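Visitor: Could you take me through one part of this model at close range? I would like to look at the aromatic rings and whatever surrounds them.

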Amino acid sequence: MSKTSNSTMMMAEIELERESELLTPREVAEKLKVSVQCLNQWRSARKGPPFKKVVGKVRYKSDELQHWIDGQAVETDLKLV
């Protein structure tokens, strides 16, 4: 791979990272209005929003968090009579 192609790929990866901010567990817990401990339990049970390990630290991509939140909608067919 040429030097130019390699640097172009690196710039594209950096741009993708900018588009999706990395959030800490505390920031995510605040957004979801749950405790950090609850978020830790979800992670251990493989429930909750998807996460990444970045240099040994748990991080959540903001766009993946929003996608997970959007997927939590519950449709009801409740009809009031």
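Guide: Happy to. Accessible areas here come from the Shrake-Rupley method with a 1.4 Å probe. On that basis the chain exposes about 6,800 Å², and carbon and sulfur atoms supply 54% of this area. Please keep in mind that you are looking at a predicted model.

Some orientation before we zoom in. The chain has four helices and three strands, and from the N terminus on they follow the order α-β-α-α-β-β-α. Of its 81 residues, 19% count as buried. Among the contacts in the chain with a separation of 6 or more, 43% are made by residues 24 or more positions apart.

Now to the rings. There are two aromatic pairs in the structure. One of them joins Trp-42 and Trp-68, with 6.0 Å from centre to centre and 50° between the planes, a tilted arrangement. Trp-42 belongs to helix 3 (residues 36-44) and Trp-68 to helix 4 (residues 62-70), so this pair ties together parts that are 26 residues apart in sequence. Trp-42 has a relative accessibility of 25% and therefore counts as partly exposed, because the partly exposed class covers what lies between the buried limit of 20% and the exposed limit of 50%.

The other pair is Phe-51 with Tyr-60, which is also tilted: the centres are 6.3 Å apart and the planes make an angle of 55°. Why are both pairs called tilted? Planes under 30 degrees apart would count as stacked and planes over 60 as edge-to-face, so angles in the remaining range are labelled tilted. The two partners in this pair have separate accessibility classes: Phe-51 is partly exposed, at 27% relative accessible area, whereas Tyr-60 is buried, at 1%.

Phe-51 has a further neighbour. The charged end of Arg-43 sits over the Phe-51 ring, 5.7 Å from the ring centre. If you centre your view on Phe-51, then, you can find the tilted partner Tyr-60 and the charge of Arg-43 from one place.

Let us step from there to strand 2, which spans 52-54. Lys-52 lies in this strand, and Glu-64 in helix 4, 12 residues away, so their pairing links distant parts of the chain. Their side chains meet in a salt bridge, with 3.4 Å from N to O, and the structure holds one salt bridge. Both ends have some accessibility: Lys-52 is partly exposed at 33%, and Glu-64 is partly exposed at 22%. Helix 4 thus takes part in an aromatic pair through Trp-68 and in the salt bridge through Glu-64.

Asp-63 is another residue of helix 4, and at 43% relative accessibility it is partly exposed. Asp-63 and Leu-22 are 41 residues apart in sequence, yet their C-alpha atoms are 9.1 Å apart in space. Leu-22 leads us on to the surface, where Leu-22, Val-54 and Val-55 form a nonpolar patch with about 260 Å² of accessible area together.

Val-55 deserves a look of its own. This residue lies in the loop between strand 2 and strand 3 (57-61), and it is exposed, at 79% relative accessible area. The phi of Val-55 is near 50°, a positive value in a residue other than glycine. Most residues other than glycine have a negative phi. As a modeller, you may like to set Lys-33 beside it: Lys-33 is not a glycine either and has a positive phi of about 60°. Lys-33 is placed in the loop between helix 2 (25-32) and helix 3, and counts as exposed at 72% relative accessibility.

One last stop takes us back to helix 3, the helix of Trp-42. Asn-40 is placed there too, and it is partly exposed at 31% relative accessibility. Asn-40 and Val-58 are 18 residues apart in sequence, while their C-alpha atoms are 9.9 Å apart in space.

To retrace the route: start at the tilted tryptophans, Trp-42 and Trp-68, move to Phe-51 and Tyr-60, look for Arg-43 over the Phe-51 ring, and then follow Lys-52 to Glu-64 through the salt bridge.

How values were computed
Residues numbered from 1 in each chain as written. Predicted model: local features only at pLDDT ≥ 70, side-chain atom pairs only at ≥ 80, totals over all residues. Heavy atoms only, no water. Phe/Tyr/Trp six-rings, centres within 6.5 Å; stacked < 30°, edge-to-face > 60°. Helix = DSSP H or I, 4+ residues; strand = E, 2+ residues; numbered from the N terminus. Buried < 20%, exposed > 50% of the residue type's maximum accessible area, 1.4 Å probe, protein only. Lys NZ or Arg CZ within 6 Å of the ring centre and 35° of its normal. Patch = residues over 30% accessible without salt bridge, like charges linked within 9 Å, V, L, I, M, F, W, Y side chains within 5 Å. Salt bridge = Lys/Arg side-chain N within 4 Å of Asp/Glu carboxyl O. Contact = heavy atoms within 4.5 Å.
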